[in-house]
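Grab a pencil and work through these short exercises with the model open beside you. Try each task before you read its solution.

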Amino acid sequence: MIVVPKEKHVYSFGPNMKEVARAKPGDIVIFETLDALGGQIKTENDTIEKIDFSRVNPATGPVYVEGAKRGMALKVKVLDIEVADRGVIVTAPGAGVLGDKVREPKTKVCEIRDGFVHFNGLRIPIKPMIGVIGVASEEEIPTGTPGKHGGNMDTNLITIGSTVYFPVFKDGAYLALGDLHAVMADGEVCVSACEVSGRVTVKVDVVDWKIEWPIVETSEAYYILVSHENLEEAIREAVNQGVKFIMERTGLSWDEAYMLASLVMDVQISQLVDPKKTIRVKIPKIFLGGTFRVE
Ligand code: CA
């Protein structure tokens, strides 16, 4: 078993990443992670404008995966996510969907106990997820920005039991991850989730599958995750990718795949608040007619 400590982290996914560990296909890798704020927020007096932004969004890694060649896909099965016993939620003027209405920076520290986030007397069941997860990209992309390489996709489906596939741009893939959330709803509207440090256990593998964007697989469906500065462009490209995916799996013509998509493929929001917004399309396996890559 390979353990990557939280001190070994990066702030960008680029072409010159240097591995801190090596894994073989089928290996189990444990990543210890700092929270998205670099652990700088400890009390409710620590607000976001006081922190050092060069230490935001640390991603633990990267891990070189042997046999992952450019043009293939890295397969990452999330086996476990353990989160710390406290999390923080932050917002600030200009941040999130309603940033124009926020008058001053605010921080809330929440206790996480017995499987719940405790928020002003409410108990919210935790659903631990990985906000930042990605591989080396062709250009230097800060860990706070999502893209074809993955990154800050803030997608709550990247959780225990899911498998995430990434296009490999650089031999070895160079997997890094961080930014755990104890719980986050689709949209992440106030700009943060319940941000936590923790520990993630994954199984890495390599598959000969040419993909353009990250794909999440659950027992029920495939989700293609597309990020763009412009929400409509993100939606358009996600739908385009979804229709292509349906064509490839079913042998339908493009027009028929487009029609089937209209009947069975949901367009969903992952997050609306990062430098690029992340949209996903959900393609239920039951309509694909095959068992391609079903586990
Ligand atoms: Ca995030």
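**Exercise 1. Find the volume of the largest pocket, the residues closest to its centre, and its place relative to the domains.**

Solution. This is a predicted model, and its largest pocket has a volume of about 440 Å³. Next, look at the lining: it has 24 residues, and Ile48, Phe53, Val56, Asn57 and Val191 are the closest to the centre. Sort the lining by residue type and you get twelve nonpolar, six polar and six charged. Finally, check the domains: domain 1 (2-207) and domain 2 (215-288) each supply lining residues, so the pocket lies between them.

**Exercise 2. Do the same sorting for the second largest pocket, and say which elements give two or more residues to its lining.**

Solution. Start with the volume, about 340 Å³ for the second largest pocket. Its lining is made of 19 residues, with Ile89, Cys190, Ser192, Ala193 and Cys194 nearest the centre. Two or more residues each come from β8 (86-91), β9 (106-113) and β10 (116-119). By type, this lining splits into twelve nonpolar, three polar and four charged.

**Exercise 3. Work out which protein atoms hold the calcium ion, and whether Asn152 and Asp154 are buried or exposed.**

Solution. List the donors: Asn152 gives OD1, Asp154 gives two OD atoms, and Asp179 gives an OD, at 2.3 to 2.5 Å from the calcium ion. Along the sequence, the donor residues follow the spacing N-x1-D-x24-D. Now apply the cut-off, where buried means under 20% relative accessible area. Asn152 has 3%, so it counts as buried. Asp154 has 2%, so it is buried too.

Conventions:
Residues numbered from 1 in each chain as written. Predicted model: local features only at pLDDT ≥ 70, side-chain atom pairs only at ≥ 80, totals over all residues. Heavy atoms only, no water. Donors = N, O, S within 2.8 Å, 3.2 Å for Na, K, Ca; no water. Buried < 20%, exposed > 50% of the residue type's maximum accessible area, 1.4 Å probe, protein only. 1 Å grid on protein atoms, 1.4 Å probe; cavity = no way out; pocket = protein on both sides within 12 Å on 5 of 7 lines; lining within 4 Å. Points joined across faces, edges and corners; volume = space filled by probe spheres on them. Nonpolar A, V, L, I, M, F, W, Y, C, P; charged D, E, K, R; others polar. Domains from an automatic or database assignment. Helix = DSSP H or I, 4+ residues; strand = E, 2+ residues; numbered from the N terminus.
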